[in-house]
Amino acid sequence: MGPRPRKENGSGKPKNEKAEKKVQKLKEKNVEENLKRIEEAEAAAESSEDSPFLSDSGEDDDESLSEDNGSISESGSEQSKLSEDEDVVRAGDGGNPTGASDDDTDHSSGDSLGEGDDNDDYHGEDSHGGSDDSREVVEESDSSEDEVAPRNTIGNVPLEWYKDEEHIGYDLSGKKIKKKERQSKLDSFLASVDDSKNWRKIYDEYNDEEVELTKEETKLIRRLLKGKAPHADFDPYAPYVDWFAWDGAKHPLSNAPEPKRRFIPSKWESKMVLRYVRAIRKGLIKFDDKPKEEPRFYALWDDSTPAERQGLAYIPAPKPKLPGHEESYNPSPEYIPTQEEINSYQLMFEEDRPKFIPKQHTSLRSVPAYEKAVRETFDRCLDLYLCPRVRKKRINIDPESLKPKLPSRKDLKPYPTTCYLEYKGHKGPVTTICTESTGQWIASGSKDGTVRIWEVETGRCLQVWDIGETIEEVAWNPLTEFPILAVAAGQDVFILDTGCGSHEQQKKIEELLHVEPQKATDDSDISASIVNWVRDDRHGGIRLKHFKTVTKVEWHRKGDYLSTLMPSGESQSVLIHQLSKGLTQRIPFKTKGIPVSTAFHPTRSIFFTATKKDVRVYDLLKQKLIKKLEAGVREISSVAIHPGGDNAIVGSKDGKLCWFDMDLSSRPYRVLRCHPKDITGVAYHRSYPLFASCSDDCTAYVFHGMVYSDMNQNPLIVPLEILRGHSSADGRGVLDCKFHPRQPWLFTAGADSLIKLYCH
Amino acid sequence: MPKHYRPPGKKKEGNAAKYVTRSQAVKNLQVSLPVFRKLCILKGVFPREPKKKVKGNHHSYYHMKDIMFLRHDPLLEKLRDIRAYEKKVKKAMSKKNRDLAERLLTRKPTYTLDRLIKERYPKFIDALRDLDDCLSMVHLFAALPAVDRAVDGEKIPVDRVHNCRRLSHEWQAYISRTHKLRKTFISVKGIYYQAEVEGQKITWLTPHALQQVLPEVDYRVLLTFLEFYETLLAFVNFKLYHSINVKYPPILDPRLEALAADLYALSRYFDANAQSSSMKTKAITSTGSEQVEDQKEGAELDEAELRLAQLQQQLPSNEPGALMHLVEDAASEDEEDVETRECKNLFKNMKFFLSREVPRESLLFIIPAFGGIVSWEGEGAPFEESDQSITHQVVDRPAQGRKFLTREYVQPQWVYDCVNARIILPTEKYMVGCIPPPHLSPFVDNEAEGHIPEYAEAIERLKAAERKEVLPLPGMGKEDLDDPQNLLGIIDRAEAIEAAKRKQKMSMLEKQYHEELKLELQGAEYSAPSTDIEGRDAEGDTAPDLQQLAEDAANMSKVVMPRKKRKLLEAMEIGKERKRAHVLRLKERKKKIDEAKKSA
């Protein structure tokens, strides 16, 4: 009813209303769901039934709506559409453009088609129609459109059948209903944007028209969407009025007589009662409510049954810790931490923080309740049933008992204990020392480039050579009759005549050292590539020119052979020189890794090379590798062979001293972790069962190392003394240590340019 | 084939077969986790630590035998029944089948833990050994208010609290009557007691009688433990009561509940009982004697019950005469060891009166345990405050209303300190209104700890004085003991003698030490320059040398030790060092405090 006036405005031509209605109805029935407001459309279709309620709504609403719609109808596009539609309808009407009377008859025929309920509506419509004869065909149906026969009569067929046709279907009279001209999308979009009522419009594809919902309809839809009754004034919970009232009625519903069983006692019940009676008599059923109370507790442990615990061995839980003084309510004042201490707890780790801070309460009445009482009990309970229990052996031993039982040091005397002498004179760190085999002299080499010979007992410096380069190693010839000295400095090895021997010896030496240069020149063709034997006039000796820096020089026990070590010499890193012949040769084995130190076996023709990782033992006669001693330390720095030849000690740069018993195993027999810093040198005493190690931590350790001839007895190692006295210079401490060949004395060379002699 | 692969059909061996994780165990037993937990708690099954943890480190492992042990327990079936029953009740309730539900409620399946207790503690001594946790927990629950309330969705039933209170009173009654209490300690957490029963030292903690904080914990766990502990303690009490020829449970009377509810109610009940036996409260000794006679005869049931009731009362209400008689009657006198006798006679012939504000329950427990007589302010007290024979009044108020000159007014700490020291301490430090001397823990071995608090030393001195001077005066009796002036004089004299002796000794030692030092110095001086070319000055070097020597010696023995032992030694040294640091800190603090005092 609302929209009607608007349509009239739009078209301005009278129309066959009946036909319009029918078409509309058809349209509405097949509203397609391609619109956005699909449910609304459906709801509208459904709500059409209830439209009679709406139809009664006041005239004001209609008017207002019509006004609204008026504005819409002004839009050109719709107008054109509508007008076209009208034309079609008019054509269909076939010249029956008359007034309301015709409409009425049509209506009645529509009613006869099936929807006769809503006559009122039609009347209303009629009245409207009557009031505005000039009104156009109503496009938008009002709520009563269901009753109106749809304009299109194609029925429930897929609409795409008509997709390519010019018409959308047929009206009641069988005439084609032509399609309206399509608006371009842009136009329709613009129109929809401009139109504030756009959201109410639904396109009905079936009837090919736009339907606009009235306010009432939208309200209806809203209520339906909420699941309420469509009408606000409908009460779904109205009191039920029973149409049938029995009161005062004369006759009963059933006329059957009461059965007999209602009047006689039940047999089965009496049987049941009898059974109960018997049970009671027999005492099967008792009526006393309380069962007899037995004493709840009794002497549980008094019976003489064998008391053995079942199950696995029981491990009793440890008892809670007993409280100390600090837990007292009034502890001694020294147990109460100061405020600073309490503050410092905040900086500690959560676990390390004390759980309990003692506090003084001046009287018992001021002690508050302990707020963690229940929590702690609970924690204890959790511990009791959740903690795995293990029987752990509590090590309740005296730490002293852990220390091994060592023989008393007094019994192992003599050994060096105190610093007896200091040899002063070097200007730089003393890198190396060596004792002469008679024990009368020592030689020392220093970083200041000098080699000095000292008299042991007096500390007098006998001789000084200024080599000019850092002295790496000095070595006395082990033969007493040849007091000559091998000195490694830079790329050269000097063999110097010390002049310490007697006259005859001196002659021999001169002979030896004199002859050699010629020999060397003779042999230079052979060994030129390796070493150059040159006469050194400046120092009075032989100079062996190497091609790389020499770090170690070692004499063979017979005093004729001399081994030199060049760590960076690769395959020619270890060379053996023969003094008497002036020969030089490589050792006939492959060496792996960078060699650090070398040593001759004291009795047999066996040669030791220590690389950073291991010590390799070669047989010089058979020319093959005998053994590999694996120290398992980070970096080997020095090696020394026991005078017996079966044991060796190896010092490492991580401060460990390994004793190898070469008969026993290739692994260390004992690892002594004595120094916190690098070990720089190790040494055996030639005759006493002593050995020593010196390190950059400015100490030297003296050990008792007894090797037994009995094969079943392992060597006995006892630490004897820590020798201190050197001071650190440049991070280096003691650089070398050597024993006196006869006495139990130890010489140490320090980075503080001192040589010290420790005596027993 | 991987190493861990086990061919099908081959059984597991070793740790994989012996130990199962908790979830496996739960699955194996076909119970829910709460039921499993309950079973474990009641049966005393705990996880074990396998040598090799097959399933990983983060699991807890149970021994398969333990699980089998649980599986064969009838309790498991019972717990299943209970679960089924609960389901039935729930179903009936939700179907609004009230009749069925009510009928079911009358037939709740129950279980008893007697067998489990016997199983876990085959001998009585085993039970006593594990009684610490039990007592602490029962006392804690006894201190909870007996109000019905829901905590964390879990109710602590009121009757459990009442039961705990009753049990704890029973236990304390026994300990007090047989004078087995040895040590007491007021800590911030509560009051610790240590008793010695059958040679077992049993320590427990009672919280302060204040409102307890109830945190959000799983109370089901606590209540399950409590369930076991209640039963255990009841059986232990039974055994202990019977060992002194007293019937247990003490009172088969509905009024028991009122008794267990409060000590006050208990005393009132005692009054009523005394009246019914047509005895006046004043005629205490006669009641006692009659009770003894009753006990000897033990003929009439009524009489016996009455007597039992009275026995129960006697402890908290402190009928001294009757108590003594009973103990003597229990024929345990000759079995008493020296310590018990000492404890029994500590407060002998002393009469205490407790003011309102002191912790009454604790003192009512302690004082009779050491042979004293005690009364308190309030109804039902055996004697009034105005009683002239009262020797000590325990007060914890800054100002006291009226003062009796015949008695001493002490703070409660005095009682505890006396008990720990086993002597009657002078009271002037414990006077009302002043801060008492520090309260020290009797559980600490001061010598082992390394630091002896000042007051501990003072007590030691007093004890020594007691032994020398006071003990040989047995004829003097109570007056002498209690006269503070006299006692003080004696103590002072003894102290003076002791101090003088000590001084002498100290000076002797000092002299000796100095001489030794001198000798050493000289020796060093002689030896050093002779060996040294440089001639280092000996004074500078000798002192660190000695230290160095000791260090070297330690170092050298370490050098030859195997790594395992060396690490162990290092760990020990760390522990020692920590302990030493603690003692040092204490001493430093003490020094500072002393200095502050001096300067002030």
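Welcome! A good place to start is I280(A), which is found in helix α11 (residues 267–282) of chain A. This is a predicted model, and the tour below moves from that residue to several helices and strands of chain B.

**A surface patch on chain A**
- With a relative accessibility of 39%, I280(A) counts as partly exposed, because that value lies between the 20% limit for buried and the 50% limit for exposed.
- I280(A) helps make a nonpolar surface patch of about 600 Å², together with M272(A), Y276(A), L284(A), I285(A) and F287(A).

**An enclosed helix in chain B**
- Helix α11 (residues 219–243) of chain B has 25 residues, which at 1.5 Å a residue should span 36 Å; the end C-alpha atoms are 35 Å apart, in agreement.
- Of those 25 residues, 21 are buried, so α11(B) is largely enclosed by the rest of the structure.
- After α11(B) comes N245(B), which has a positive phi, near 60°.

**A hairpin in chain B**
- Strand β5 (residues 181–186) of chain B is joined by five bridges to strand β6 (residues 191–197) of chain B, and the two run antiparallel.
- One of the pairings links K183(B) with its bridge partner Q194(B) in β6(B).
- Four residues lie between β5(B) and β6(B) in this hairpin, and G190(B) in the turn has a positive phi of about 155°.
- Five of the six residues of β5(B) are buried, so this strand is largely enclosed by the rest of the structure.

**A parallel pair in chain B**
- Strands β8 (residues 351–354) and β9 (residues 373–376) of chain B run parallel, joined by four bridges.
- Between them, the chain passes through helix α18 (residues 360–369) of chain B in a right-handed β-α-β crossover.
- L354(B) stands opposite W376(B) in β9(B).

Note on methods. Residues are numbered from 1 along each chain as its sequence is written. Chains are lettered from A and ligands numbered from 1 in the order in which they are written. This is a predicted model: local features need pLDDT of at least 70, side-chain atom pairs count only at pLDDT 80 or more; totals for chains, interfaces and linings use all residues. Side-chain values use heavy atoms; hydrogens and water are left out. Two strands pair if DSSP finds at least two bridges between them. A crossover is right-handed if, with the strands pointing away from the viewer, the path from the first strand over the helix to the second runs clockwise. The expected span of a helix is 1.5 Å times one less than its number of residues. Buried means under 20% relative accessible area, exposed over 50%, partly exposed in between (1.4 Å probe, protein chains only). Patches are made of residues with over 30% relative accessible area and no salt bridge: like charges are joined within 9 Å, nonpolar side chains (Val, Leu, Ile, Met, Phe, Trp, Tyr) within 5 Å. Accessible areas come from the Shrake-Rupley method with a 1.4 Å probe; for residues, only the protein chains shown count as cover. A salt bridge is a side-chain nitrogen of Lys or Arg within 4 Å of a carboxyl oxygen of Asp or Glu.
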